[in-house]
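Work through the exercises below with the sequence and the model at hand. Each task is followed by a solution in steps.

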Amino acid sequence: MTSHNRSILWFQDIDLFETCQVDKMFVINMICVSPKEAGQGLASKMMDWSENMAKKSEITIMTNETTGIASSKIMEKSKFTNVKQYLYDDYKDKNGEYPFANMKPHLGCTIWKKTLDLSTN
């Protein structure tokens, strides 16, 4: 989990820096829990820790990309907003092929964001 500046974070057609009018964001690169440890609230604890770190760093925007159902559920539970979803079935490579078609139950890559209120802890 890192803070990124405008020069190294971008999405294909989304500029969260511009949209959110910020110069830095807290990026959650990946979150996962071992299947052996699932169901114990560890993902929620990691998300709470991340939000606290962002607030301590005075960062008001958190963002994340998810590619599967479980990680999307974590973002929803943590009150992130779905900014955009790129569906796997719609992705066509330079050869005109659909390499990610039929990835069910996973639907695509989703871009998420959360605005933090720095006046609360």
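**Exercise 1. Overall make-up**

Task: State what share of the protein chain counts as buried, and give the order of helices and strands along the sequence.

Solution. The model is a predicted one. Of the 121 residues in the protein chain, 33% count as buried. The chain has three helices and five strands. Read along the sequence, these elements follow the pattern β-α-β-α-β-α-β-β.

**Exercise 2. A residue in strand S2**

Task: Locate Ile-28 among the elements, classify its accessibility, and give its C-alpha separation from Asn-64.

Solution. Step one: Ile-28 is found in strand S2, which covers residues 24-28. Step two: the relative accessible area of Ile-28 is 2%. Buried means under 20%, so Ile-28 is buried. Step three: Ile-28 and Asn-64 are 36 residues apart along the chain, and their C-alpha atoms are separated by 5.2 Å.

**Exercise 3. Salt bridges around Glu-51**

Task: Find the salt-bridge partners of Glu-51 and classify the accessibility of the residues involved.

Solution. Step one: Glu-51 forms a salt bridge with Lys-55, with the closest N and O atoms 3.6 Å apart. Both residues lie in helix H2, four residues apart, which is about one turn of the helix.

Step two: Glu-51 also forms a salt bridge with Lys-114, where the closest N and O atoms are 2.6 Å apart. This pair links distant parts of the chain, since Glu-51 is in helix H2 and Lys-114 is in strand S5, 63 residues apart.

Step three: Glu-51, Lys-55 and Lys-114 are thus linked in a network of salt bridges.

Step four: the cut-off for buried is under 20%. Lys-55 has 14% relative accessibility, so Lys-55 counts as buried. Glu-51, at 19%, also counts as buried. Lys-114 is buried as well.

**Exercise 4. The loop between S4 and S5**

Task: Describe the salt bridge of Lys-104 and the nonpolar patch that contains Met-103.

Solution. Step one: the side chains of Lys-104 and Asp-89 meet in a salt bridge, at 3.2 Å from N to O. Lys-104 and Asp-89 are both in the loop between S4 and S5, 15 residues apart.

Step two: exposed means over 50% relative accessible area. Lys-104 has 57%, so Lys-104 is exposed. Asp-89 has 36%, so Asp-89 is partly exposed.

Step three: Met-103 lies in the loop between strand S4 (81-87) and strand S5 (108-115). At 34% relative accessibility, Met-103 counts as partly exposed. Together with Tyr-91 and Phe-100, Met-103 forms a nonpolar patch on the surface, with about 280 Å² of accessible area for the three together.

Step four: the salt bridge count for the model comes to three.

**Exercise 5. The largest pocket**

Task: Give the volume of the largest pocket, then describe its lining by position, element and class.

Solution. Step one: the volume of the largest pocket is about 380 Å³. Step two: 21 residues line this pocket, and those closest to its centre are Val-33, Ala-38, Ala-43, Ala-70 and Ile-74. Step three: helix H2 (42-56) and helix H3 (69-77) are the elements that give two or more residues to the lining. The largest share, six residues, comes from H3. Step four: by class, the lining has 10 nonpolar, eight polar and three charged residues.

Terms used. Residues numbered from 1 in each chain as written. Predicted model: local features only at pLDDT ≥ 70, side-chain atom pairs only at ≥ 80, totals over all residues. Heavy atoms only, no water. Buried < 20%, exposed > 50% of the residue type's maximum accessible area, 1.4 Å probe, protein only. 1 Å grid on protein atoms, 1.4 Å probe; cavity = no way out; pocket = protein on both sides within 12 Å on 5 of 7 lines; lining within 4 Å. Points joined across faces, edges and corners; volume = space filled by probe spheres on them. Nonpolar A, V, L, I, M, F, W, Y, C, P; charged D, E, K, R; others polar. Patch = residues over 30% accessible without salt bridge, like charges linked within 9 Å, V, L, I, M, F, W, Y side chains within 5 Å. Areas by Shrake-Rupley, 256 points an atom, 1.4 Å probe, with all protein chains shown as cover. Salt bridge = Lys/Arg side-chain N within 4 Å of Asp/Glu carboxyl O.
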